[in-house]
Amino acid sequence: MMARFAKSPEGLFGAAVLAVLIVIALGAPLFFPRDPLSIVGPALTAPFTDWALPLGTDRLGRNVLAGLVHGARASLLVGFAATIAAIIIGASVGTIAGFAGGLVDEILMRIVDAFQTVPGFLLALAFVSVIGASLPVVVLAIALGAWTGPARLARAEVLSLRERDYVAAARVIGMHPAEIAFREILPNALAPVLALSAVIVAGAILTEAALSFLGLGDPNIVTWGSMIAEGRAVLRSSPFLSIIPGLALVITVLGVYLFGEGLAEALSRRRVRL
């Protein structure tokens, strides 16, 4: 699969962007060991006027570059954690529904329908408003709106796999149904579900930024959404405060999307060959 992925220019570009962002996110405490919320200079210093503060400062004199680097950490953490949670929940529900069939399938699919009738962002907005803003709550809120896609894909794959010979052989030797579903079928049904993960990561990053922009993100950490919201009050006099984190958000989502395109293309070629 790596060889097929390497033939995708957009996938390689997306992977390069993601690799740079991950290095920046992991190295944030080393690059800027001070609290990014601490005041380090005069307020509203313009970019490239003080090389100690290359991207300037915000209204309170906080380092914009430090916020940008630590914001990458928060955005990627939320994006990947919410995606992992959504994939685990969706794949589990889809596997149970597709393998069990009958009444269990009907009940689980109606639950999926119920969640899909509510837009993911509104569901996350309501959940965070009720429970309270913190990073784990934001991750769970985004995952609650994103697990239905993986569930439907996993169910469709399981329905096509459950009558295969190797599944019948597993039944004949007396394997437990749950063991057959999760050890024999699910690994073979995961490829299209994983191809969806890049789209979920991009959506989760945007949703987290939107929640932070509305003041519903974790107030104890710096995020790109909160930085954009902070710059909104001085948009005319200091537009860089919103433009810089906005560009970071666009580049990240673009990188994740291109990586997902390359991954989906590599997986589809593999499935065609199979």
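Nine salt bridges are present in the structure, which is a predicted model. Side chains of opposite charge can pair when their charged atoms come close.

One of these contacts joins Arg 62 to Asp 58, with an N to O distance of 2.7 Å. Both residues of this bridge, Arg 62 and Asp 58, are buried. A second salt bridge is formed by the side chains of Asp 105 and Arg 155, at 2.7 Å from N to O. This pair links distant parts of the chain. Asp 105 belongs to helix 5 and Arg 155 to helix 8, and their positions lie 50 residues apart in numbering. Asp 105 has a relative accessibility of 10%. That value is under 20%, so Asp 105 counts as buried. Arg 155 reaches 22% and therefore counts as partly exposed, because this class runs between 20% and 50%.

A further salt bridge connects Arg 162 with Glu 163. Here the closest N and O atoms are 3.6 Å apart. The bridge qualifies because the cut-off for N and O is 4 Å. Arg 162 is partly exposed, at 22% relative accessibility. Glu 163 is exposed, at 60%. Elsewhere, salt bridges with shared partners form one network. Its members are Asp 58, Arg 59, Arg 62 and Glu 230.

Two members of this network, Arg 62 and Glu 230, recur at the largest pocket, being listed among the residues that lie nearest its centre. Leu 37, Ser 226 and Met 227 complete that list. The largest pocket has a volume of about 370 Å³. Its lining consists of 23 residues. By class, 11 of them are nonpolar, eight are polar and four are charged. Three helices each contribute at least two lining residues: helix 4 (64–100), helix 11 (197–213) and helix 12 (224–232). Helix 12 gives the largest share, with five residues.

Aromatic contacts were examined next. A pair of aromatic rings is described by the distance of the centres and the angle of the planes. The structure holds two such pairs. In one, Phe 48 and Trp 51 lie 6.1 Å apart, centre to centre, with 50 degrees between the planes. The Phe 48 and Trp 51 pair is tilted, because its angle is neither under 30 degrees nor over 60. Phe 48 and Trp 51 are both exposed.

The other pair consists of Phe 115 and Trp 147, whose ring centres are 5.3 Å apart. Their planes meet at 70 degrees, so the pair is edge-to-face. This pair also links distant parts of the chain, across 32 residues. Phe 115 sits in helix 5 (residues 102–116). Trp 147 occupies the loop between helix 7 (135–146) and helix 8 (148–161). Helix 5 thus carries both Phe 115 and Asp 105, the salt-bridge partner named above. The two rings fall into separate exposure classes: Phe 115 is partly exposed, with a relative accessible area of 29%, whereas Trp 147 is buried, at 5% relative accessibility.

One charged side chain is placed against a ring. Arg 232 lies over the face of Phe 213, at 4.6 Å from the ring centre.

Key:
Residues numbered from 1 in each chain as written. Predicted model: local features only at pLDDT ≥ 70, side-chain atom pairs only at ≥ 80, totals over all residues. Heavy atoms only, no water. Phe/Tyr/Trp six-rings, centres within 6.5 Å; stacked < 30°, edge-to-face > 60°. Buried < 20%, exposed > 50% of the residue type's maximum accessible area, 1.4 Å probe, protein only. Helix = DSSP H or I, 4+ residues; strand = E, 2+ residues; numbered from the N terminus. Lys NZ or Arg CZ within 6 Å of the ring centre and 35° of its normal. 1 Å grid on protein atoms, 1.4 Å probe; cavity = no way out; pocket = protein on both sides within 12 Å on 5 of 7 lines; lining within 4 Å. Points joined across faces, edges and corners; volume = space filled by probe spheres on them. Nonpolar A, V, L, I, M, F, W, Y, C, P; charged D, E, K, R; others polar.
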